[in-house]
Amino acid sequence: MNPAPTPLILAIDGRSGAGKTSLAVETAALLRPHLSVSVFHLDSVYPGWDGLAASLPGYVQDVVSPLSAGRPAHWRWWDWTTGAPGAADVTAPADVVILEGVGAGHRQARPHMHAVAWVAMEDAERKRRALDRDGETFAAHWDRWASQEDEYLAADDVADAAWLTVDGHAAAPSAAADLVEGLRSLPGWDAALALVPAPGPDRWAHRTLPTAVDPRALFAASGGPDAATALLLESSDRDVTPALERSRHSLIGLATGASPRAEHRAGTTTVQGGHVMVRRPGGFFPWLATVWPDSEEGQGSGPGPFRPGWMGWIGYGIKREAGSPDGASAPEAPQAAGAQHTPPEALLFRPGRGAAVDHVAGTTVLYWRADDPDGPDWADRTVHDLESAAPPTSPTPPAPGAPAAPPPPTFTLRDSRAEYLAKIRTAQDEIVEGNTYEVCLTTQLEATTEDFDGWSTYQRLAGANRAPFTLYLRAEAGAGAGQGAEILSTSPERFLSVSSVATGSWLVTEPIKGTRPRGGTDAEDRALAAELAASVKDRAENIMITDLARNDLSRFAVPGTLATTRVCAIESYPTVHQMVSTVTAQLEPGVPRADALAAAFPPGSMTGAPKISTMDLLERLEAGPRGIYSGVAGYLSADGAADLNVLIRTLVAVPVPADQLAPGTAAAGPGAHATHLSLGVGGAITADSDPEEEWDEVRTKAHGVLRVLGSAFPDA
């Protein structure tokens, strides 16, 4: 005799009238063609109109405990006519058991659960729906029962503890489909739900323009500067680069109302999409492996190198997952992060509209989801705005009496010059002791400014600091706790590119180590580039990080494919010369791409080597969190391709909540706002580093951004 299955237990909780019963029934109907499903309704056992609290201990003992162990649950109906226990009944174990009702997900039951879903709806609408459905029996008892719900939830905030939050306004079949898709990404559900067909790949509509449109003009015309979440990826050096293929494409992604968005914070990934918000406990990269790449079916065509998958950033704080457990433990369920006024540690979104510019072929493709009814009108408006936009002109001086331009931001240093020099010497002591052999020590410049315009600032930065991995990303505050952010990056460094499955799954990383400023004359400029190329110290730094990159890629490489194709090459940018190497490898078949990404993260050029022990040292040395800086940003394509930069030469702008502004600093006037700016800078420290030269390198790296802002490097 085969043993009874050990079920996956799903609790669907929520206040009366929110739609729990319909959701449970529709979810069961969706699963039953592929899995055995049992459904238990708590209103079967409530002992009368005052019985919510009294029913919960028996619910756990008689229903939840046996079913979670794969045993039948024996219980008795409550006879509402006689006001006494009624007939006996049994709920059999199954592949999936759905427990539905007020109290289904309460604290004593949750240790037995594999997921808890909370159905959310505002009070007035819940009451209207409940009384429309059961008015004859429920109307006289609504307030009486509601007070018991209040008492239950005051002692146990199930909505906050739930893994999933479902919009009760959604039609039950649609909400059930979204609920099942949300369950797929939760630990323990993937194997069972592999038997349940997933939705087919997204379908896309396209419009091709016979010219390579300027990416910044296209971003503005498409609505990017005003979108809640949007990303522009461009190679702003495309007109001068010798690496045409690397700088061939510019990409735009815009979130729409249906766009899923994922935020990771404090050991929990929160994903808002469709009618369900999912809170997944645990690491970010394990979650990423559940959603990227998409099924290869239907992903054979699309605009440029990006088949609409995910776009966004992964901040340096995710370093906790690099070879050590996630620092934020997962308790009984993911916990809300609280009212933290910081951006998420990682943020990815799936664009619903976008564009790809091919600067070599001379074409531009607009794309949108085929089920987006406003997509064609959006494309029409974008083309119209492009055609009617006035050509850019030189700035004109302000007219007499016009308001003065806001003053440039005044930055402060997280570390003074003396403090930074002392940390360099401490790092060198650690090197002498044999605890590390290269340390990427960083600090940050910070400012609070009023009426900051991120988009116009980015345009000036991208024009002044041409680089192959330039990007502007804006993300307003989302479903997760904390603030949104703008990222203005003129990064010259590629973290990792991955080619699609169809093109061989090749990994490419291009670490940078070694910097010199540009010269004031051609002769001085050539001399500085030659000095960098000949520097024994800089070559040693670069080669150490290149060896680290080789180690990262080798963990999942097909044997014999790992290669260093470029060593200590010199690349020149408007403000600096850089030393760059290139490492390539072919990804081993069957390895999740998220695992390869995790193996290389964070960028070794921003940690030093060996990576893990050096990150531990940096945690002690650096005066505060790096945040987004020295993480990565870019795209993860639905066909498994990816391209991500290293977030250096990057300004991060975060809105400052009014309650955090010091007296007298709040912006005045309607619509005005304050913004916190941060600019991370640093350099590699080795045994033979000269601390004063390392400090000069910090100043050099900050110069490209500060000069565009009109700001001075702060007095040290």
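**Exercise 1. Find out how much space the largest cavity holds, and what lines it.**

*Solution.* Start with the volume: the largest cavity encloses about 160 Å³ of space. This is a predicted model, so the space is computed from predicted atoms. Rolling a probe the size of a water molecule over the atoms shows where empty space is left.

Next, look at the walls. The lining of this cavity is made of 19 residues, and those nearest its centre are M606, I648, R649, G682 and K701. Then ask which elements they come from. β24 (512-517), β31 (674-685) and α17 (691-709) each supply at least two lining residues, and β31 gives the most, with 5 residues.

Last, sort the lining by class: you get 7 nonpolar, 7 polar and 5 charged residues. If you go looking for others, the count comes to 4 cavities of 30 Å³ or more.

**Exercise 2. Now do the job again for the largest pocket.**

*Solution.* The volume here is about 1400 Å³. There are 40 residues lining this pocket, and the closest to its centre are E181, R184, P199, D294 and R350.

Move on to the elements. Those that give two or more residues to the lining are α6 (172-184), α7 (190-193), β12 (268-273), β13 (276-281) and α9 (284-291). Which of them has the largest share? That's α6, with 5 residues.

Finish with the classes: the lining of the largest pocket has 19 nonpolar, 11 polar and 10 charged residues.

**Exercise 3. Decide whether strand β16 is enclosed or open, then work out what it pairs with.**

*Solution.* First, count the buried residues, using the cut-off of under 20% relative accessible area. In β16 (residues 353-358), 6 of the 6 residues are buried, so the strand is largely enclosed by the rest of the structure.

Second, check each face. In a regular strand the side chains alternate between the two faces of the sheet. In β16, R353, A355 and V357 point one way, while G354, A356 and D358 point the other way, and all are buried.

Third, look for the partners. One is strand β10 (residues 249-254), which pairs with β16 in the antiparallel sense over 6 bridges. Here S250 stands opposite V357. Another is strand β17 (residues 363-369), joined to β16 by 6 bridges and also running antiparallel. On that side, R353 sits opposite W368.

Fourth, inspect the turn. The hairpin of β16 and β17 has 4 residues between the strands, and G362 there takes a positive phi near 75°.

**Exercise 4. Place G352 and list what surrounds it.**

*Solution.* Begin with the position in the chain: G352 is in the loop between β15 (346-349) and β16. Is G352 buried or exposed? Its relative accessibility is 1%, and the cut-off for buried is under 20%, so G352 counts as buried.

Now go through the contacts. Leaving out residues up to four places away in sequence, G352 touches W204, L254, A255, T256, S259, W368 and R369. You've already met W368, the residue of β17 that stands opposite R353.

Then try a distance. G352 and G309 are 43 residues apart in sequence, and their C-alpha atoms are 9.6 Å apart in space.

**Exercise 5. Repeat the strand analysis for β5.**

*Solution.* Count first: 5 of the 5 residues of β5 (residues 96-100) are buried, so this strand is largely enclosed by the rest of the structure. Now split the faces. V96, I98 and E100 lie on one side and V97 and L99 on the other, and both sides are covered.

For the pairing, strand β1 (residues 8-14) runs parallel to β5, and 5 bridges join the two. Strand β2 (residues 37-41) pairs with β5 in the parallel sense too, over 5 bridges. Which residue of β5 is the bridge partner of I9? It's V97. From β2, S38 stands opposite V97 as well.

**Exercise 6. Step back and describe the whole chain.**

*Solution.* Start with the elements: the chain has 17 helices and 31 strands. Next comes burial, where 55% of the 716 residues count as buried.

For the contacts, take those with a separation of 6 or more: residues 24 or more positions apart account for 76% of them. To finish, the accessible surface comes to about 29300 Å², and 54% of that belongs to carbon and sulfur atoms.

Conventions. Residues are numbered from 1 along each chain as its sequence is written. This is a predicted model: local features need pLDDT of at least 70, side-chain atom pairs count only at pLDDT 80 or more; totals for chains, interfaces and linings use all residues. Side-chain values use heavy atoms; hydrogens and water are left out. On a 1 Å grid over the protein atoms alone, a cavity is a set of points where a 1.4 Å probe fits but cannot get out, and a pocket is an open set with protein on both sides within 12 Å along at least five of seven lines; lining residues have an atom within 4 Å of a point. Grid points are joined across faces, edges and corners, and a volume is the space filled by probe spheres set on the points. Ala, Val, Leu, Ile, Met, Phe, Trp, Tyr, Cys and Pro count as nonpolar, Asp, Glu, Lys and Arg as charged, and the others, Gly among them, as polar. Buried means under 20% relative accessible area, exposed over 50%, partly exposed in between (1.4 Å probe, protein chains only). Contact means heavy atoms within 4.5 Å. Accessible areas come from the Shrake-Rupley method with a 1.4 Å probe; for residues, only the protein chains shown count as cover. Two strands pair if DSSP finds at least two bridges between them.
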